[in-house]
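I opened this entry to look up where the ligand is held and what surrounds it, and then to look for enclosed empty space.

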Amino acid sequence: MSDEEFVFSEKPLALASGEGLTLTGEDGTEYLDFGASYACTPLGHCPPAVVTAIQEQAGELLYVQGSYPVAVRTALRERLATVAPGDLSKVWLCNSGTEANEAALKFARSATGRSKVVVAKRAFHGRTLGSLSLTWKDAYRDPFGPLPGDVEFVPYGDAEALTAAVDGETAAVFLEPVQGEGGVHPASDAYLQTAREATEEAGAALVLDEIQTGLGRTGTLWACEGAGVVPDILTTAKGLASGLPIGATLCADWIAEGAGNHGSTFAGNPLVAAAADATLAGLVSQEVPANAAAVGEYLQSGLREAVAEHDLPVREVRGSGLMIGIEVKRGANRVLRDLALQQQILALPAGRSVVRLLPPLIAETEHADAVIDGLVEVLG
Ligand code: PLP
């Protein structure tokens, strides 16, 4: 089996069950899950309160169209509005991250009456055509062109280039506060603040894609809180419903008022809404973001110490909270394969040279120690 096959195709680990940070294979092997299947289980696998909420809702009502009020859907909308940064109290629900960004793109266009969008090189915003037009990598884009146009890419982190690109024609700037798929690159607070100022001045919408950074991963419920920036639109998805399909687009009033007609049959369906409401309640009541900050700091400094002590072939350890990238000198895919098959630790790639850690946010220091030891074994 080649490294590429291990990472991108079906893996030789048939999984049967999950609890907390542990995934158990059909053969009984236990794995420490430090990828959370791309950040989709912030409270760990099968968190009991979420499982109960799903079971109870399944016995009440599985589905009814979005135009009928349903208590659990209303509760989720209200909870999202309560925890949203600033005044982003208008909530559009959907079924995935790419749909949350499609909605953001449509809303920004219709609210501003403009079409130009400024995005960052290395960005990943999804794979449906609108979101794909905002995604950088040629391998994702090229087979499907021509994509919707009027998109300008600027280097991530370059405040001057961003300011120069935003003008009176700009509908929106889309940014990830930490680029995930692009290699785990955090933006500075100053960069996000410049994006805020430039969009405000131009009458454009600032859209922060918090699909990977949100829900506590970087140490605050939303990464933009750490930078003191409130966008006009924030998108979230991934672990919002502990692994059931969901996305949400949180909007300021001026965006919602000009949003135009948009819809989706399954958006906000009661079963998923119950899972999301219970997940969000757990993230807040268990103070999960603070845990991500503390354990993330512990893990990052432990990794740096191990790299120095064992002279590991690592160029850099970087990230924010429990969103960590380890840039390795040999292919990341081989490291990931060895970690899984020899150490029973599951993690993710971010490009060819970065091992990405996105564990459940309830991870503890003992889990961090196990990952550091496993990496020392594999890389040493
Ligand atoms: N935006 C970001 C930052 C992501 O990391 C992802 C998925 O990895 C998406 C958007 C797309 O989300 P989905 O795969 O749910 O469509």
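I looked first for the site of the ligand in this predicted model, and I found that the ligand sits in the largest pocket.

Next I listed the residues around the ligand, which are Ser96, Gly97, Thr98, Asn101, Phe124, His125, Gly126, Glu176, Asp209, Ile211, Gln212 and Lys238. Sorting this shell by class, I noted 2 nonpolar, 7 polar and 3 charged residues. I also asked which helix gives the most to the shell; it is helix 5, residues 97-112, with 3 residues.

I then looked up polar contacts of the ligand. A ligand oxygen lies 2.8 Å from a backbone N or O atom of Gly97, while a ligand nitrogen is 2.7 Å from a side-chain N or O atom of Asp209. For Gln212, I recorded 2.8 Å between an N or O atom of its side chain and an oxygen atom of the ligand. As for cover, the ligand on its own has 390 Å² of accessible area, of which the protein covers 81%.

Finally I turned to enclosed space and counted 3 cavities of 30 Å³ or more. The largest cavity holds about 60 Å³ of space, and its lining consists of Ala39, Pro42, Glu210, Ile211, Gln212, Gly214, Leu215, Arg217, Ala237, Lys238, Gly239 and Leu361. By class I noted 6 nonpolar, 3 polar and 3 charged residues in that lining. Reading the two lists side by side, I see that Ile211, Gln212 and Lys238 are among the residues around the ligand and also among those lining the largest cavity.

How values were computed:
Residues are numbered from 1 along each chain as its sequence is written. This is a predicted model: local features need pLDDT of at least 70, side-chain atom pairs count only at pLDDT 80 or more; totals for chains, interfaces and linings use all residues. Side-chain values use heavy atoms; hydrogens and water are left out. A residue is near a molecule or strand if one of its heavy atoms lies within 4 Å of it. A polar contact is a pair of N or O atoms within 3.5 Å; within protein, one must be able to donate a hydrogen and the other to accept it, and residues adjacent in sequence count only if both atoms are side-chain atoms. Accessible areas come from the Shrake-Rupley method with a 1.4 Å probe; for residues, only the protein chains shown count as cover. On a 1 Å grid over the protein atoms alone, a cavity is a set of points where a 1.4 Å probe fits but cannot get out, and a pocket is an open set with protein on both sides within 12 Å along at least five of seven lines; lining residues have an atom within 4 Å of a point. A molecule sits in a cavity or pocket if more than half of its atoms lie within 2 Å of its grid points. Helices (H or I, at least four residues) and strands (E, at least two) are DSSP runs, numbered from the N terminus. Ala, Val, Leu, Ile, Met, Phe, Trp, Tyr, Cys and Pro count as nonpolar, Asp, Glu, Lys and Arg as charged, and the others, Gly among them, as polar. Grid points are joined across faces, edges and corners, and a volume is the space filled by probe spheres set on the points.
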